[in-house]
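I opened this model to look up what surrounds the ligand and which empty spaces the protein holds. My entries follow in the order in which I checked them.

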Amino acid sequence: MVRGDGVMVWAGLSLDRPRVMGVLNVTPDSFSDGGVHFDPDVAVRAGLAMAGAGADIVDVGGESTRPGAQPTSVADEQARVLPVIRALVAAGVLVSIDTRHATTMRAALDAGAAVVNDVTALSHDPAAAELVAARGCPVVLMHMRGDPATMNARAVYTDVAREVVEELASRIEAAERAGIARDAIAIDPGIGFAKLAPHSVELLRRLPELAVLRCPILVGVSRKSFIGRLGGEADPQLRLPGSLAAALFAVSRGAAILRVHDVAETIQALRVWQALSA
Ligand code: HH2
């Protein structure tokens, strides 16, 4: 939605300044923080800390989508995320559910989550688009090809930015056909999903080309492997400096929302960057 003063609003957030989505993986096997927040009490404390540090949304996920990850059953996924979502919502936190499964979307929305974040852009589960349309909730459509097991083999592009725009456009069309309002949709180029490091770099450089889709752009670069490659750091937990550099670059190229593991650090970097560029 565009407000009277021209400012875009998505999920109730005015996008006149960069917004931050904190990553809360309630998983044993996520690529950078697997097991750290697997205990529900620890996860809730971490989510509250992210909100306290200024996260606009906390993105709760119960299934890793790292390359080669084994699928998680929806029963396990829901057992992981639902208690955490309930506690965060009760504390007034805006929560998104990071899932590709419609039953988990439904259960998470019933538990108070306000936003659906689907790395498959509602293509994995045939019931997902209809559910999101019926609930009228905001949704993140992320670009990827294949699934976590096959996506690296499908990272073959002639022109990565053009193809990502085309493929996201067709996911937006499918969402609208299912009855999802355009205003409810944010898009995401899917950094690291069916992208090799050079593809991620080129996509970030050419991020302004996604503006043609007229949806807010969400970007997740935090700790990802291209940062390890460019920055020379094999350990994902030590990629904060490179993640901050990439996050600021993404904002300078039009990202409205950053999905990050390190909320307080990202907000400090954004504040300084904004003050200097004002
Ligand atoms: N990246 C991951 C998961 N979900 N959602 C969106 N919209 N954009 C992203 O870039 C994105 C995402 C992967 O990161 P993480 O959640 O930390 O890892 P894992 O999938 O191993 O749990």
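Entry 1, the ligand shell. I sorted the residues of the shell around the ligand by character and found 7 nonpolar, 7 polar and 5 charged; in this sorting Ala, Val, Leu, Ile, Met, Phe, Trp, Tyr, Cys and Pro count as nonpolar, Asp, Glu, Lys and Arg as charged, and the others, Gly among them, as polar. I note that this is a predicted model, in which local features need pLDDT of at least 70 and side-chain atom pairs count only at pLDDT 80 or more, while totals for chains, interfaces and linings use all residues. Residues are numbered from 1 along each chain as its sequence is written, and side-chain values use heavy atoms, with hydrogens and water left out.

Entry 2, closest residues and polar contacts. Of the 19 residues around the ligand, I listed Ser30, Ser64, Asp188, Lys224 and His261 as those that come nearest, a residue being near if one of its heavy atoms lies within 4 Å of the molecule. I then looked up polar contacts, meaning pairs of N or O atoms within 3.5 Å (within protein, one must be able to donate a hydrogen and the other to accept it, and residues adjacent in sequence count only if both atoms are side-chain atoms). The side chain of Asp188 places an N or O atom 2.6 Å from a nitrogen atom of the ligand, and the side chain of Lys224 has an N or O atom 2.6 Å from an oxygen atom of the ligand. Phe31 takes part through its backbone, with an N or O atom 2.9 Å from a ligand oxygen. Taken alone the ligand exposes 480 Å², of which the protein buries 99%, with accessible areas from the Shrake-Rupley method and a 1.4 Å probe; for residues, only the protein chains shown count as cover.

Entry 3, the largest pocket. Which space does the ligand take? I found that it is the largest pocket, where a molecule sits in a pocket or cavity if more than half of its atoms lie within 2 Å of its grid points. On a 1 Å grid over the protein atoms alone, a pocket is an open set with protein on both sides within 12 Å along at least five of seven lines, a cavity is a set of points where a 1.4 Å probe fits but cannot get out, and lining residues have an atom within 4 Å of a point. The largest pocket has a volume of about 590 Å³, a volume being the space filled by probe spheres set on the points, which are joined across faces, edges and corners. Of its 33 lining residues, Phe31, Pro67, Gly192, Phe193 and Lys224 are the closest to its centre.

Entry 4, the second largest pocket. Its volume is about 220 Å³, and among its 15 lining residues Phe226, Ile227, Leu230, Gly242 and Ala246 lie nearest its centre. Helix 8 gives the most to this lining, with 5 residues; helices (H or I, at least four residues) and strands (E, at least two) are DSSP runs, numbered from the N terminus. The lining divides into 10 nonpolar, 2 polar and 3 charged residues.

Entry 5, the cavities. I counted 2 cavities of 30 Å³ or more. The largest cavity, of about 40 Å³, takes 4 lining residues from helix 8 (residues 240-252), which gives the most. The second largest cavity, of about 30 Å³, is lined by Glu63, Thr65, Asp98, Thr99, Arg100 and Val119.
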